[in-house]
Amino acid sequence: MSGVAAGSLSDGTREFLLCLADDEHLMGQRHTEWIGVAPFLEEDLALASIGQDELGHAAMLYELLSGPGRDIDDIALGRSAGEYRSCWLVEQKCPDWSDALVRHWMYDTAESLRWQMFEKSSIDELRGIAARALGEESFHVMHAEAMVAALSLSSDAHSRLAHSIAELLSLGVAMFEAPAGELDAIDDGVVSTSMVTLLPEWQQRVDARFGEQDWAAVDTVHQNGRTTRSDSFAPMYDVMREVLLIDPEAKW
Amino acid sequence: MRIYEVFLKRDGKDEFRHAGSIEAANQQLALVLARESYARRAEGDLMWLVDRADIVSADHSFIAPNADKPHRHNDGSLVAARRKAQREAAS
């Protein structure tokens with residue numbers, strides 16, 4: 001396939017790619033918040049390491065979107081809240097370990113489907129980023145799966161996980177809402193299909209792991225094509241920009 | 001939970017070396033967590049996990065009696081010194 005130069009991305013495609021980049025950025029941020037307070041040391045290291053991978057994916061995408069006068073730090077941390085395109089699932093604080101684990105499972109299961117949309121992308125760099133991300137995602141999914149599988153054997157943990165699933169299911173479905181710019185991205189050949197076409201496969205995996213869900217009863221979350229932020233965003237945004245506010249010259 | 005001993009081997013002729021241990025609920029989790037705890041900076045090329053319960057071990061009382069046997073430390077130096085002296089005497 002002939003490659004399209006990353007410098008000539010359409011505005012719609014840029015907006016679409018920002019969704020994936022912001023998801024990875026915020027997910028990485030949320031995972032790393034467990035450093036020092038995860039339930040046990042090995043999990044502490046594992047989640048932080050997975051979070052670093054996600055931040056790495058975000059950095060690669062931000063790099064692709066950067067240009068003269070707009071470096072990757074400007075894109076990652078220099079935008080106003082309304083300019084972010086994250087889904088609400090990754091914005092949640094999830095201070096309960098069970099919620100954080102279920103969110104990790106939901107997100108990485110979606111990721112491993114989502115990156116496949118770029119395997120035939122018209123943008124050379126994106127095919128490379130997707131291949132790298134998919135390689136890492138397989139370990140993220142393995143980690144989430146193994147942890148959930150082991151915990152599901154205990155009745156207490158099983159009921160806590162079920163509670164977390166019920167709590168987060170609508171936000172999980174909302175990950176697949178068509179983001180702003182998606183139609184342009186498809187037209188440009190950047191991505192092969194709309195996100196929502198991946199939803200049935202994701203739902204099937206949720207059913208297989210956590211038991212059949214009543215999908216018809218799941219509330220619709222109104223993210224407005226990811227142009228509005230959830231209540232959880234503002235406090236996280238302040239934490240993310242803490243260093244930048246002290247030293248505007250600081251580099252990520 | 002079970003305790004696993006983690007061994008890593010670098011690429012090439014190095015042998016497997018003990019990297020540390022890890023506590024995990026099962027083999028699958030032990031592998032995933034050992035990967036993040038001991039090999040996240042590519043410290044090894046191959047990894048072994050051994051359930052600590054499967055290790056056949058011996059303690060001090062079993063090994064220590066062998067500490068007092070200098071005659072087992074024969075490095076051949078006495079023979080070498082005598083032969084050297086003979087060579088020098090002959091020349």
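In this predicted model, the buried residues of helix α7 in chain A pack against four helices of the chain, namely α4 (88-91), α5, α6 (124-151) and α9 (199-210). The residues of α7(A) that count as buried are L161(A), S164(A), I165(A), L168(A), L169(A), L171(A), G172(A) and V173(A). Helix α7(A) itself covers residues 155-174, so 20 residues in total, and from its first C-alpha to its last it reaches 29 Å, close to the 28 Å expected at 1.5 Å a residue. It isn't quite straight, though: α7(A) bends by about 50 degrees at L168(A), and L168(A) is also one of the buried residues of this helix.

L168(A) turns up again in the surroundings of L89(A). Setting aside residues up to four places away in sequence, L89(A) touches R103(A), M106(A) and Y107(A), along with L168(A), L171(A), G172(A), A174(A) and M175(A). L89(A) also stands out in the largest nonpolar core, a set of 45 residues in which L89(A) and L33(B) have the most contacts. Helix α5 of chain A (residues 97-114) gives the most to this core, with seven residues. There is also a second, separate core, made of 25 residues, with L18(A), L20(A), F118(A) and A185(A) among them.

Zooming out to the whole of chain A, the secondary structure is easy to sum up: eleven helices and zero strands. The radius of gyration of chain A is 18 Å, close to the 18 Å that the globule rule gives for 252 residues, so chain A is as compact as a globular protein of that length. Taken along the principal axes, its C-alpha atoms fill a box of roughly 55 × 45 × 30 Å. Of the 252 residues in chain A, 40% are buried. As for how the chain folds back on itself, 74% of the contacts with a separation of 6 or more are between residues 24 or more positions apart.

Chain B brings in strands. Its strand β1 (residues 2-9) runs antiparallel to strand β2 (residues 17-24), and seven bridges join the two. Within this pairing, I3(B) has E23(B) in β2(B) as its bridge partner. β1(B) also pairs with strand β3 (residues 46-51) of chain B, again in the antiparallel sense, this time over six bridges. Here F7(B) is matched with W48(B) in β3(B).

Now for where the two chains meet. Eleven residues of chain B are in contact with nine residues of chain A. On the chain B side, the elements that give two or more residues are β2 and α1 (27-38). Of the elements of chain B, α1(B) gives the most to this side, with six residues.

On the chain A side, L45(A) is worth a closer look. It sits in helix α2 (residues 41-65) of chain A. Neighbours within four places in sequence aside, L45(A) is in contact with E36(B) and S37(B). Is L45(A) buried or exposed? Neither label quite fits: L45(A) has 19 C-beta neighbours inside 10 Å, while a buried residue needs 20 or more, so L45(A) counts as partly exposed. Back within chain A, the C-alpha atoms of L45(A) and W34(A) are separated by 9.1 Å, with the two residues eleven apart along the chain.

Terms used:
Residues are numbered from 1 along each chain as its sequence is written. Chains are lettered from A and ligands numbered from 1 in the order in which they are written. This is a predicted model: local features need pLDDT of at least 70, side-chain atom pairs count only at pLDDT 80 or more; totals for chains, interfaces and linings use all residues. A residue is buried if 20 or more other C-beta atoms lie within 10 Å of its own, exposed if 12 or fewer, and partly exposed in between; C-beta atoms are placed from the backbone. Two residues are in contact if their C-beta atoms, placed from the backbone, lie within 7 Å. The radius of gyration is taken over C-alpha atoms; the globule rule is 2.2 Å times the number of residues to the power 0.38. Two strands pair if DSSP finds at least two bridges between them. A nonpolar core is a set of buried Ala, Val, Leu, Ile, Met, Phe, Trp, Tyr and Cys residues joined through C-beta atoms within 7 Å. The bend at a residue is the angle between axes fitted to the seven residues ending there and the seven starting there.
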